[in-house]
Amino acid sequence: MTQETRPSVLKAVNLGVTYGQSEAVAQLDFDIKRGEFVAILGPSGCGKSSMLNVISGLRAPSKGRVLVEDEELFTAQSKPPRLGYVFQSHRLLPWRTVRQNLEIALAASQVPRGTWEARIDEILSILHISQFKDAWPMRLSGGQRQRVSIARALLIDPSYILMDEPLSTLDEVTARSLRQELTGICQRTNATVVFVTHSIREAVYLADRILILTKGPARIFEDYKVPLERPRDYDDARIAEVEADIIRRVQAPWGLAMREESSVA
Amino acid sequence: MPDLPLSNPIGFVRKRDWIAVVPARVLSGAIALISILLIWHIMSIAFRPWVPTIDATLMAMGRALQNHSFWDDFFLTLGRVLASFAAASIVGAVLGLIIGLNEKAEAFFQPLLALALAVPDPVYIIFSILAVGTGEMAGFLALTIAVAPFVTNIVRSNVHARDKSLDEMAQIYHLPRSVRLRSVLIPQLMPALLTAMRFSFALSWKLVVVVEAIGQPDGIGASIFNSFRLLRMREVAAVAIIFIIAMQLLERGVLGRVEKKLLRWRD
Ligand SMILES: Nc1ncnc2c1ncn2[C@@H]1O[C@H](COP(=O)(O)OP(=O)(O)OP(=O)(O)O)[C@@H](O)[C@H]1O
Ligand SMILES: [Mg+2]
């Protein structure tokens, strides 16, 4: 099946977000297909989290439309979409243990109760946090909490998953392992993922397609198809080449924000 | 300051070693108790016979503890305290939730709440007695009306200050309304709610005693007032002290334990 014939899961048409007078997202058009892994790259403050808040149904856009599985959001009859969202901050309930935090999301999903225990055990072990199953979130490190938040989003069989810089709080070794696991999970479950990141290499390694945004207020600067087959190797020279290519392209349009990052990269 | 033994800090600390054995809390408690007893002693000399002496009061306390009618009054008053405390906490918390979550309710109740908080407690007591007579109901009513607004106010402001990002999480994961209330909102309010309950408990028992003194034939407040009319100051002091200690034990023991259990998820 080629990409074009796959059903559309998430579609934005002429999408704009403003806060009072200030414009956060100028205009976005995209169409994300079932099973696609789409990374979002854009300079800090360009409106990526704002965009996720709209395509998750949390916040109505100030202009344009969002369609989830061809049903329009934010109309009187529209049903809220079933999605997993890894917020930029973890948003766990501190008075519930890790397991209880996962169960509260499962209880509101359509996942049969009989399978919860096994699912929870599996996802926690994939994310290397099995030993914290009964811990209070306050006793976990930032990266451990973020992984619980990832587990919550993956557990509930969502139509699509939004992730807002989910690996940015992790050390590089753990992040590598999770990137690899994430690729595996997404391929096995054919998940549709929108993944915001500041790491261009991470985007190239994970994504089928990268939506490169402009400086804020965001527009689509380029809809970039990653020209690499799977499986990929994070240290592959071709990934570094694609990364360098993207950096070259965005250098001018991103302005100052980019010069800082390119010196690190 | 050449005389300070800075050159020999270890020797300096040595002398104070025995203090380290006693926990700081116990130590400061003991100092407070000794100071109170000292002031009491001085006052009992200065204001004789209006301030009873310590030993006379202790003896009166011993007599009261062995006296059936004291315990009758005690449990009667305790029942009144618990009833009005429970009513005020429940009414206040529910009202606070409603006002905090609903703008229309807030617009309606906010001026009333401001007024309720401004009215001095004796006014409630007098009006309740005027409205329903000096029966059991008057005290209960006055107390509930006097204490509930404090709880309402604390709950309301904490509902406003809640973490909205958790509401968004609840929305994304389709948590049902009941779960949002029970597992997302109320646990957030719990620390404030417990503070409000401590406060309302303290207010309740103090007001119950006043109400009993003004309008009831029985209970600790009435018994204190009767002793006062007969100028038996040691009985006044003895009964008051026993009751205060009992209420403190209840507050710290029961409410403190509940607090520990409910807030165990915190650091
Ligand atoms: N609730 C809000 N009210 C007003 N302005 C906001 C609000 N949230 C975000 N903004 C503004 O909108 C713009 C985009 O913010 P957003 O959080 O979407 O950026 P971002 O791309 O996610 O940035 P980062 O990469 O740093 O997370 C910023 O200029 C920010 O100041
Ligand atoms: Mg962001």
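Which residue is the bridge partner of A:Ser8 in E2(A)? The partner is A:Lys33. The text below sets this pair in the sheet of chain A and then turns to the ligand and to some single residues.

This is a predicted model, in which local features need pLDDT of at least 70, side-chain atom pairs count only at pLDDT 80 or more, and totals for chains, interfaces and linings use all residues. Residues are numbered from 1 along each chain as its sequence is written, chains are lettered from A and ligands numbered from 1 in the order in which they are written, and side-chain values use heavy atoms, with hydrogens and water left out.

**The sheet of chain A**

Chain A has an open sheet of 10 strands with mixed pairing, in the order E5-E4-E1-E2-E10-E9-E3-E8-E7-E6. Helices (H or I, at least four residues) and strands (E, at least two) are DSSP runs, numbered from the N terminus. Two strands pair if DSSP finds at least two bridges between them. Strand E5 (71-72) and strand E6 (83-86) of chain A each have a single partner strand and stand at the edges, so one side of each has no neighbour in the sheet.

Strand E1 (residues 8-19) of chain A is antiparallel to E2(A), and eight bridges join the two. In the hairpin of E1(A) and E2(A), two residues lie between the strands, and A:Gly20 takes a positive phi near 60 degrees. E1(A) also pairs in the antiparallel sense with strand E4 (residues 63-68) of chain A, over five bridges. Here A:Leu10 has A:Val68 in E4(A) as its bridge partner. Strand E2 (residues 22-33) of chain A runs parallel to strand E10 (residues 218-225) of chain A, with two bridges between them. A:Arg219 in E10(A) is the bridge partner of A:Gln27.

Strand E8 (residues 193-196) of chain A sends A:Val193 and A:Phe195 one way and A:Val194 and A:Val196 the other way, and all are buried. Buried means under 20% relative accessible area, exposed over 50%, and partly exposed in between (1.4 Å probe, protein chains only). In a regular strand the side chains alternate between the two faces of the sheet. Strand E3 (residues 37-41) of chain A pairs with E8(A) in the parallel sense over four bridges, and A:Val38 stands opposite A:Val194. Strand E7 (residues 160-164) of chain A is likewise parallel to E8(A), joined by four bridges. A:Val194 is also the bridge partner of A:Leu162.

E7(A), helix H5 (residues 172-189) of chain A and E8(A) make a right-handed β-α-β unit. Right-handed means that, with the strands pointing away from the viewer, the path from the first strand over the helix to the second runs clockwise. Helix H5 of chain A contains A:Val173, which counts as exposed at 64% relative accessibility.

**Ligand 1**

Residues surrounding ligand 1 (a heavy atom within 4 Å of it) include A:Tyr19, A:Ala24, A:Lys48, A:Gln88 and A:Glu165. The shell divides into three nonpolar, seven polar and two charged residues. In this scheme Ala, Val, Leu, Ile, Met, Phe, Trp, Tyr, Cys and Pro are nonpolar, Asp, Glu, Lys and Arg are charged, and the others, Gly among them, are polar. Helix H1 (residues 48-55) of chain A gives the largest share of the shell, three residues.

The table lists polar contacts, that is, pairs of N or O atoms within 3.5 Å.

| Ligand atom | Protein partner | Distance |
|---|---|---|
| oxygen atom of ligand 1 | A:Cys46, polar backbone atom | 3.3 Å |
| oxygen atom of ligand 1 | A:Ser50, side-chain N or O atom | 2.6 Å |
| oxygen atom of ligand 1 | A:His198, side-chain N or O atom | 2.9 Å |

On its own, ligand 1 has 630 Å² of accessible area, of which the protein covers 57%. Accessible areas come from the Shrake-Rupley method with a 1.4 Å probe.

**Backbone exceptions**

Most residues other than glycine have a negative phi, and most peptide bonds are trans. The bond from A:Gly216 to A:Pro217 is cis, with omega near -10 degrees; A:Pro217 is in the loop between strand E9 (209-213) and E10 of chain A. In chain B, the peptide bond from B:Arg48 to B:Pro49 is cis, with omega near 0 degrees. B:Pro49 lies in the loop between helix H3 (24-46) and helix H4 (54-65) of chain B.

A:His128 has a positive phi near 60 degrees and is partly exposed, with a relative accessible area of 40%. B:His174 has a positive phi near 60 degrees, in the loop between helix H9 (164-172) and helix H10 (177-215) of chain B.

How values were computed. A polar contact is a pair of N or O atoms within 3.5 Å; within protein, one must be able to donate a hydrogen and the other to accept it, and residues adjacent in sequence count only if both atoms are side-chain atoms.
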